[in-house]
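This report examines a single protein chain, with attention to one helix and to the largest pocket. The sequence and the structure are shown first.

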Amino acid sequence: MGGASGNTGTTSQLTPAKALEIAKNSEDGSIPPYVTAVLERAIDELWRRIQAQSTTYVMNKEEFIVFNYFRGRFTNSPIAQQAVARFWNNFQGDTSE
């Protein structure tokens, strides 16, 4: 990945949580390619885990936040709907965030 002016991060240093923060705070909707790469890798890995354990996988909070960002991709997927239901059925924590 080439270093664009002002790009101090790389995909190896950027966490999915930080990438989501950058994407959500983009005022003009343009997301830097390195941020998109981190998010795409995160959702691809998560979706593979969900599919591999389609009736039992329970996302953790961080995974759910990533999944929720991409939820539109999975609107018609029963596997995705069940994964979201499992998350909420097992979620314990502060919902005020």
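Which residues are buried in α3? The model is a predicted one, and in it Glu 63, Phe 64, Val 66 and Phe 67 of α3 are buried. These residues lie on the same side of α3, because they cover an arc of only 160° around the axis. Their packing partners are α1, α2 and α4, the last of which spans 78-90.

**Overall architecture**

The protein contains four helices and zero strands, and its elements follow the pattern α-α-α-α along the sequence. It has 97 residues, of which 30% count as buried. Among contacts with a separation of 6 or more, 57% are between residues 24 or more positions apart.

**Glu 63 and the start of α3**

One of the buried residues of α3, Glu 63, carries a charged side chain. Its relative accessible area is 12%, and Glu 63 is therefore classed as buried, the cut-off being under 20%. The side chain of Glu 63 makes a polar contact of 2.6 Å with the side chain of Tyr 57. Apart from neighbours within four places in sequence, the contacts of Glu 63 are Leu 46, Arg 49, Tyr 57 and Val 58. The N-terminal end of α3 is capped by Asn 60, with a side-chain oxygen of Asn 60 placed 3.0 Å from the backbone nitrogen of Glu 62.

The two distances involving these residues are set out below.

| First partner | Second partner | Distance |
|---|---|---|
| Glu 63, side chain | Tyr 57, side chain | 2.6 Å |
| Asn 60, side-chain oxygen | Glu 62, backbone nitrogen | 3.0 Å |

**The largest pocket**

The largest pocket holds about 220 Å³ of space. It is lined by 13 residues, and those closest to its centre are Pro 16, Ala 17, Leu 20, Glu 62 and Val 66. Val 66 thus has a place both in this group and among the buried residues of α3. Glu 62, also in this group, provides the backbone nitrogen that faces the side-chain oxygen of Asn 60 in the cap.

Which helices each supply at least two residues of the lining? They are α1 (16-24), α2 (33-52) and α3 (61-69). The largest share, five residues, comes from α1. By class, the lining comprises seven nonpolar and six charged residues, with no polar ones.

Methods: Residues are numbered from 1 along each chain as its sequence is written. This is a predicted model: local features need pLDDT of at least 70, side-chain atom pairs count only at pLDDT 80 or more; totals for chains, interfaces and linings use all residues. Side-chain values use heavy atoms; hydrogens and water are left out. On a 1 Å grid over the protein atoms alone, a cavity is a set of points where a 1.4 Å probe fits but cannot get out, and a pocket is an open set with protein on both sides within 12 Å along at least five of seven lines; lining residues have an atom within 4 Å of a point. Grid points are joined across faces, edges and corners, and a volume is the space filled by probe spheres set on the points. Buried means under 20% relative accessible area, exposed over 50%, partly exposed in between (1.4 Å probe, protein chains only). A polar contact is a pair of N or O atoms within 3.5 Å; within protein, one must be able to donate a hydrogen and the other to accept it, and residues adjacent in sequence count only if both atoms are side-chain atoms. Contact means heavy atoms within 4.5 Å. The arc is that of the directions from the helix axis to the C-beta atoms.
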